[in-house]
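User: Please take a close look at a single part of this model, the region you would choose to examine in detail, and describe its surroundings step by step. I would like one connected account rather than a list.

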Amino acid sequence: ATSRLLEYVDTHCSRRCSSFKLAEAAASVGKLSEEPTAALVNRGFCFRYDRATRLPCNHVLPLRQPFEETIWREWPRTHRQDINKAARSGVVIVQDLEFKYAEDFVGMARETVERHRARSSTRDEFMLQLEVFRGKAKLFVALLDGKPIVTLLCHYTPSTCYLARVGSHEKDTNNANRLCYKTAIEDACNAGLRFADLGY
């Protein structure tokens with residue numbers, strides 16, 4: 001199956017794609033293999049797995065309805081209190097399906113990446129991602145006094161919400177980022193999706 005997938009990528013994607021990552025952990029919630037798949041190694045893929053830390057790995061949250069009773073109540077009490085405190089402080093989360101806050105998202109995402117001393121995508125790369133995944137993405141925006149303070153981009157498959165990228169101007173968001181995550185996970189749960197993928 002892996003060989004057939006890579007043949008397809010070679011034939012249909014290689015001229016338009018400069019890199020390709022295959023995350024085996026995204027295919028199932030089970031244990032990630034500790035041994036490299038021969039078909040991948042033979043095609044030049046680098047296998048990255050640390051036996052001591054057991055990383056990289058994805059955290060995949062199974063979703064069950066109703067959200068309040070099955071997921072919300074399972075989160076630590078202090079975590080829920082912090083999220084509620086952010087909501088009481090006047091932070092409001094809106095869904096931006098039309099990407100009206102795209103420029104705010106790009107600026108915040110780039111600043112967040114740079115705070116972690118990682119390479120940031122360019123503005124054009126971010127805007128192209130938004131355009132390519134339009135219809136299969138949502139932007140959740142935390143507003144305080146009508147101004148955006150946190151943005152969270154989610155991508156969707158029929159079963160999974162991928163919480164892809166969060167951004168903010170400041171490192172300390174007074175838990176507005178957590179409120180964004182909670183809203184996106186609750187939205188995915190209410191939509192009948194099976195998983196929320198929190199990424200690496």
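Analyst: A strand here is a DSSP run of E of at least two residues, and strands are numbered from the N terminus. In this predicted model, Gly167 has its place in strand 5, and that strand is a useful point from which to read the sheet.

The sheet is open and is built from 6 strands in the order 1-6-5-4-3-2, with mixed pairing. Its edges are strand 1 (60-62) and strand 2 (92-96), each of which pairs on one side only, and from one strand to the next the twist averages 25°. Strand 5, residues 160-168, pairs with strand 6, residues 195-197, in the parallel sense over 3 bridges; within this ladder, Cys161 has Ala196 of strand 6 as its bridge partner.

Gly167 itself has a relative accessible area of 2% and is therefore buried, the limit being under 20%. Leaving aside residues up to four places away in sequence, Gly167 touches Met108, Ala109 and Thr112 as well as Ile149, Val150 and Thr151. The numbering of these contacts can be set beside two elements, since helix 5 spans residues 102-115 and strand 4 spans 147-156. Helix 5 lies across strands 2, 3, 4 and 5, and runs at about 80° to strand 5. Gly167 is also 8.4 Å from Asn177, C-alpha to C-alpha, at a sequence separation of 10 residues.

Helix 7 (residues 176-190) lies across strands 1 to 6, with an angle of about 35° to strand 4. Cys180 belongs to this helix and is buried, with a relative accessible area of 0%. Apart from residues up to four places away in sequence, Cys180 touches Ile93, Phe140, Val141, Ala142, Val150 and Leu152, while its C-alpha lies 9.9 Å from that of Leu139, which is 41 residues away in sequence. Phe140 in turn touches, among others, Ile93, Val94, Leu152, Cys154, Tyr156, Cys180, Thr183, Ala184 and Asp187, again not counting residues up to four places away in sequence.

Nonpolar side chains tend to be buried together in soluble globular proteins. Here the largest nonpolar core has 27 residues, of which Leu63, Trp75, Phe140, Cys154, Leu163 and Ile185 touch the most other members. At least two residues of this core come from each of helix 4 (77-88), strand 3, strand 4, strand 5 and helix 7, and helix 7 gives the largest share, 7 residues. A second, separate core of 12 residues includes Val106, Ala109, Ala137 and Leu139; of these, Ala109 is also one of the residues that Gly167 touches.

Helix 4 remains to be placed against helix 7. Their axes come within 8 Å and cross at roughly 100°, which means that helix 4 is roughly perpendicular to helix 7. In this contact, His79, Asp82, Ile83, Ala86 and Ala87 of helix 4 meet Ala176, Arg178, Leu179 and Lys182 of helix 7, and the residues involved divide into 5 nonpolar, 1 polar and 3 charged.

Key. Residues are numbered from 1 along each chain as its sequence is written. This is a predicted model: local features need pLDDT of at least 70, side-chain atom pairs count only at pLDDT 80 or more; totals for chains, interfaces and linings use all residues. Side-chain values use heavy atoms; hydrogens and water are left out. Two strands pair if DSSP finds at least two bridges between them. Helices (H or I, at least four residues) and strands (E, at least two) are DSSP runs, numbered from the N terminus. Axes are lines fitted to C-alpha atoms, for helices over the stretch in contact, and angles run from 0 to 180 degrees between N-to-C directions. Contact means heavy atoms within 4.5 Å. A nonpolar core is a set of buried Ala, Val, Leu, Ile, Met, Phe, Trp, Tyr and Cys residues joined through side-chain atoms within 4.5 Å. Buried means under 20% relative accessible area, exposed over 50%, partly exposed in between (1.4 Å probe, protein chains only). Angles under 35 degrees count as roughly parallel, over 145 as roughly antiparallel, 65 to 115 as roughly perpendicular and the rest as oblique. Ala, Val, Leu, Ile, Met, Phe, Trp, Tyr, Cys and Pro count as nonpolar, Asp, Glu, Lys and Arg as charged, and the others, Gly among them, as polar.
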